[in-house]
2 protein chains.
Amino acid sequence: MPPPDDRPYHHGDLRRTVIDTAIAMLDERAGPQFTLREVARRAGVSHAAPYKHFPDKAALLTEIALIGFDRLRDALRGASLGANADALAALTAMGWAYLTFGQTNPGLYRLMFGAELGGNPDLHLSDRAMGAFDEVIAVLERGQAEGLIRARPVRGQAGACWAQLHGLTLLTLDGLLIAEKVGECAITAALAVLVEGLATREG
Amino acid sequence: MPPPDDRPYHHGDLRRTVIDTAIAMLDERAGPQFTLREVARRAGVSHAAPYKHFPDKAALLTEIALIGFDRLRDALRGASLGANADALAALTAMGWAYLTFGQTNPGLYRLMFGAELGGNPDLHLSDRAMGAFDEVIAVLERGQAEGLIRARPVRGQAGACWAQLHGLTLLTLDGLLIAEKVGECAITAALAVLVEGLATREG
DNA sequence: ACCTGAACACCGTTCAAGT
DNA sequence: ACCTGAACACCGTTCAAGT
């Protein structure tokens, strides 16, 4: 839809429009490369207008990444609640939800963990970013209480889950887990190894 | 050291100098962002000179990433040969060698798997990129023959190893696996989960 | 055969000026 | 309070011209 010629001088909600446009461009290109000037062009404002709402491009990227972590936490929480089975089944459901999130939002996912914002403590150590991590911890604690998951420090186990899911997501996005090199369904196999490493031997 | 004033008009080995300079800049910044013009500046040539050796920046990045995969394969092979113990010990040694490679070459590692070259079949599906993967497969096959690793399709197990190591490497580079959030030593814990998921129950 | 310098079309960012 | 347009210092890439 072309922008109307009677566009007012004041946009009204440019901050939200910039964020939404940038996220859309992110997943169009499946990578964290987009141009602030093109965002402004699509929003129908001058290339300088976004600077009234964000101090610079890095601030916009950080804001978007935090929104991504919110969405990831919601996806994991939904999968955890939807699976009213034992903790191991819930953990598997969360694993698939995590992978689906990455496949559905490739550019957003790469931005959340990419070098552009890597090591930024305001992002990765924020409560919003850790929210997704806490969902995994909660299910692992439940599994230990149920006797389905080995009695080990949950944070170490959560780290293993996160690393496995993060690696699987990125290798899939890179096209590295194709069937002919890695087996029939590499993702299923990898999740099985993870679950067997967490489950009690008598489980 | 300043460039000598008697620098000849013809550089001599500009192709190799460009690659080496770019790799050095990559790991200085711990990210895959560097400028072709700055590479040329450091090499003491005009900004157009590199175009006589690489068609564009993407070709240089691909070349560098392939060199990175060569080095990663060498590191894994060295760890595998150095550990003349059982296959599980060799696998753990390879895991630590993988993580060390990422910590030592953060920018190079991110380039090898980053969005800049993501999904490029000439890179990730090349024999050079798959060489590192084959080292893991060899050790897993040995472990199955020794009865230390569960009899499952090795390619699925190798995918699980790779995903776990890739995820651990990147989360560590992002500063996400710090002790206070994730436990005393998240890496040790994650590798333990991986090994327990691969090892035979009677092992 | 290899390199330079000017040129082109971009980009992020700033700032005086407009509404 | 919010937005524009010109400006600045960059970048990747091209190409005629130099050695």
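How many nonpolar, polar and charged residues does the surface near DNA strand D have? By class, that surface has nine nonpolar, five polar and five charged residues. Keep in mind that this is a predicted model, and everything below is read from it.

**Around the DNA**

Let's stay with strand D for a moment. It is surrounded by 19 residues, and the closest ones come from both chains: A:His11, A:Ser46, A:Ala48, A:Ala49 and B:Asp56. Helix α2 of chain B, residues 36-43, gives the most to this surface, with three residues.

Now for strand C. Here, too, 19 residues surround the DNA, the closest being A:Ala48, A:Asp56, B:His11, B:Ser46 and B:Ala48. For this strand, helix α2 of chain A (residues 36-43) has the largest share of the surface, namely three residues. The class split near strand C reads nine nonpolar, five polar and five charged.

Here are the two surfaces by class, with the chain A side of the protein contact added:

| Surface | Nonpolar | Polar | Charged |
|---|---|---|---|
| Near DNA strand D | nine residues | five residues | five residues |
| Near DNA strand C | nine residues | five residues | five residues |
| Side of chain A that touches chain B | 21 residues | 14 residues | six residues |

**Where the chains meet**

The protein contact brings 41 residues of chain A together with 41 residues of chain B. On the chain A side, at least two residues each come from α5 (106-113), α8 (154-173), α9 (179-182) and α10 (186-198). Of these, α8(A) gives the most, with 14 residues. As for chemistry, the side of chain A that touches chain B divides into 21 nonpolar, 14 polar and six charged residues.

**How the copies relate**

Try superposing the two: a turn of 180 degrees and a shift of 0.0 Å along the axis lay chain A on chain B with an RMSD of 0.0 Å. The two copies are therefore related as by a two-fold rotation axis. Both copies use the same surface, since 100% of the contact residues of chain A recur in chain B.

**A look at α10 of chain B**

Helix α10 of chain B runs over residues 186-198, which makes 13 residues. From first C-alpha to last it reaches 19 Å, close to the 18 Å expected at 1.5 Å a residue.

Is this helix mostly covered or mostly exposed? α10(B) is mostly covered, with ten of its 13 residues buried. Among the buried ones are B:Ile187, B:Leu191, B:Val193, B:Leu194, B:Val195 and B:Leu198, along with B:Gly197 and the alanines B:Ala186, B:Ala189 and B:Ala190.

Conventions:
Residues are numbered from 1 along each chain as its sequence is written. Chains are lettered from A and ligands numbered from 1 in the order in which they are written. This is a predicted model: local features need pLDDT of at least 70, side-chain atom pairs count only at pLDDT 80 or more; totals for chains, interfaces and linings use all residues. Two residues are in contact if their C-beta atoms, placed from the backbone, lie within 7 Å. Helices (H or I, at least four residues) and strands (E, at least two) are DSSP runs, numbered from the N terminus. Ala, Val, Leu, Ile, Met, Phe, Trp, Tyr, Cys and Pro count as nonpolar, Asp, Glu, Lys and Arg as charged, and the others, Gly among them, as polar. A residue is near a molecule or strand if its C-beta atom, placed from the backbone, lies within 6 Å of it. Copies are superposed by least squares on the C-alpha atoms of residues with pLDDT of at least 70 in both. The expected span of a helix is 1.5 Å times one less than its number of residues. A residue is buried if 20 or more other C-beta atoms lie within 10 Å of its own, exposed if 12 or fewer, and partly exposed in between; C-beta atoms are placed from the backbone.
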